[in-house]
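Welcome, and thanks for taking a look at this one with us. Please keep the sequence and the 3D view side by side as you read the notes below.

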Amino acid sequence: MAEGGISSFWGPVTSTTECCEKNYAYSSYIAEFHNTISNIPCIVLALVGLINALRQRFEKRFSVLHISNMILAIGSMIFHATLQRVQQQSDETPMVWEMLLYMYILYSPDWHYRSTMPIFLFLYGVVFAAVHSVDASAKRLAKMYVATLLIGTLCWLFDRIFCKEISSWPINPQGHALWHVFMGFNSYLANTFLMFCRARQRGWSPKVVHFMGFLPYVKIEKPKAQ
Ligand SMILES: [Zn+2]
């Protein structure tokens, strides 16, 4: 749909979910401008996580995890840029894969629990990790994870529920785009937390340190024999 005199490169909108952002407001190639570019932080953070995982020789599954975050964000960019039903797949399918991957990474050391409900396992894992992590900085990671999830979800809800009101404001706060940014940090924190837990399991004495005094990441020290 052409709005504001700019034509749409991708043709009419065919996706089923539409966000509050005005379509084709800035470019005829990008349907939802803010919702598209707001995925970039997620890609950058995933890249930071990937480099950290590779450099310290974490298990391959962590590289897969960070790469899957990147695929997720790129899929989301493609979807919000085109708003086509086919591309909607590229936004939703990786999300399901990612959930499966999280299950695998959290529980692969305990496959004998295979028959138990995955959801139960997931909750158990989160609670277990939160309660058992004596390390204060790891606890802070978990808290930041919950906080970004909550704030991000609020932004998403706000954008959906109050779209009519927001549309008459002079500036759209772009709740859906903010949701992307918060979820970018959220998935980075989730992966960092997983890396911490796994490293402790393996006896690699993990520490949470901060990049430029701000971005947490896991530093490990593998025993010489390994
Ligand atoms: Zn989105």
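A word on the annotations first: UniProt positions are given in the numbering used here, feature names are shortened, and annotations may be inferred rather than shown by experiment. The model itself is predicted. From an unreviewed UniProt entry come two "binding site" annotations, one covering His80, His176 and His180 and another listing Glu21, Asn23 and Glu32. The points below start with those sites, then turn to the annotated membrane spans, the nonpolar core and a helix pair.

**The histidine site**

- The "binding site" annotation in the unreviewed UniProt entry takes in His80, His176 and His180. These residues are spread over 101 residues of sequence, yet they cluster in space, with a largest C-alpha distance of 11.1 Å.
- Helix H8 holds His176, and His180 is found in H8 as well.
- Is His176 buried or exposed? His176 is buried, because 22 other C-beta atoms lie within 10 Å and the cut-off for burial is 20 or more.
- His180 also counts as buried, because it has 25 C-beta neighbours inside 10 Å.
- Setting aside residues up to four places away in sequence, His176 touches Cys19, Cys20, Glu21, Asn35, Trp156 and Asp159.
- With neighbours within four places in sequence left aside, the contacts of His180 are Asn35, Ser38, Asn39, Cys42 and Ser76. Asn35 is thus a contact of His180 and is also touched by His176.

**The second annotated site**

- UniProt lists Glu21, Asn23 and Glu32 under "binding site", again in an unreviewed entry.
- Asn23 sits in the segment before helix H1 (33–37), and the segment before H1 is also the place of Glu32.
- Asn23 counts as buried because it has 20 C-beta neighbours inside 10 Å. Glu32 is buried too, given its 27 C-beta neighbours inside 10 Å.
- Which residues does Glu32 touch, not counting those up to four places away in sequence? They are Cys19, Glu21, Asn23, His80 and Leu83.
- There are contacts between the two annotated groups: Glu32 touches His80, and His176 touches Glu21.

**Annotated membrane spans**

- The unreviewed UniProt entry gives "transmembrane region" for residues 36–55, 62–83, 111–132, 144–162 and 177–197.
- Residues 62–83 are 95% helix and 0% strand, and the end C-alpha atoms of this span are 31 Å apart.
- For residues 177–197 the figures are 100% helix and 0% strand, with 30 Å between the end C-alpha atoms.

**The largest nonpolar core**

- This core has 41 residues, and the members that touch the most others are Phe182, Leu189, Phe193, Met195 and Phe196.
- Two or more residues each come from helix H2 (40–55), helix H3 (60–82), helix H6 (136–161), helix H8 (175–201) and strand S2 (215–219). Helix H8 gives the most, with 16 residues.
- Where does Phe182 make contact, leaving aside neighbours within four places in sequence? Phe182 is in contact with Thr148, Ile151, Gly152 and Cys155.

**How H6 and H8 pack**

- The axes of H6 and H8 come within 8 Å and cross at roughly 160 degrees.
- H6 and H8 are therefore roughly antiparallel to each other, since angles over 145 degrees count that way.
- The crossing of H6 and H8 is left-handed.

Key: Residues numbered from 1 in each chain as written. Predicted model: local features only at pLDDT ≥ 70, side-chain atom pairs only at ≥ 80, totals over all residues. Core = buried A, V, L, I, M, F, W, Y, C linked by C-beta atoms within 7 Å. Buried ≥ 20, exposed ≤ 12 C-beta atoms within 10 Å, placed from the backbone. Helix = DSSP H or I, 4+ residues; strand = E, 2+ residues; numbered from the N terminus. Contact = placed C-beta atoms within 7 Å. Axes fitted to C-alpha atoms, helices over the stretch in contact; angles between N-to-C directions. Parallel < 35°, antiparallel > 145°, perpendicular 65-115°, else oblique. Left-handed = near helix turned anticlockwise from the far one by under 90°.
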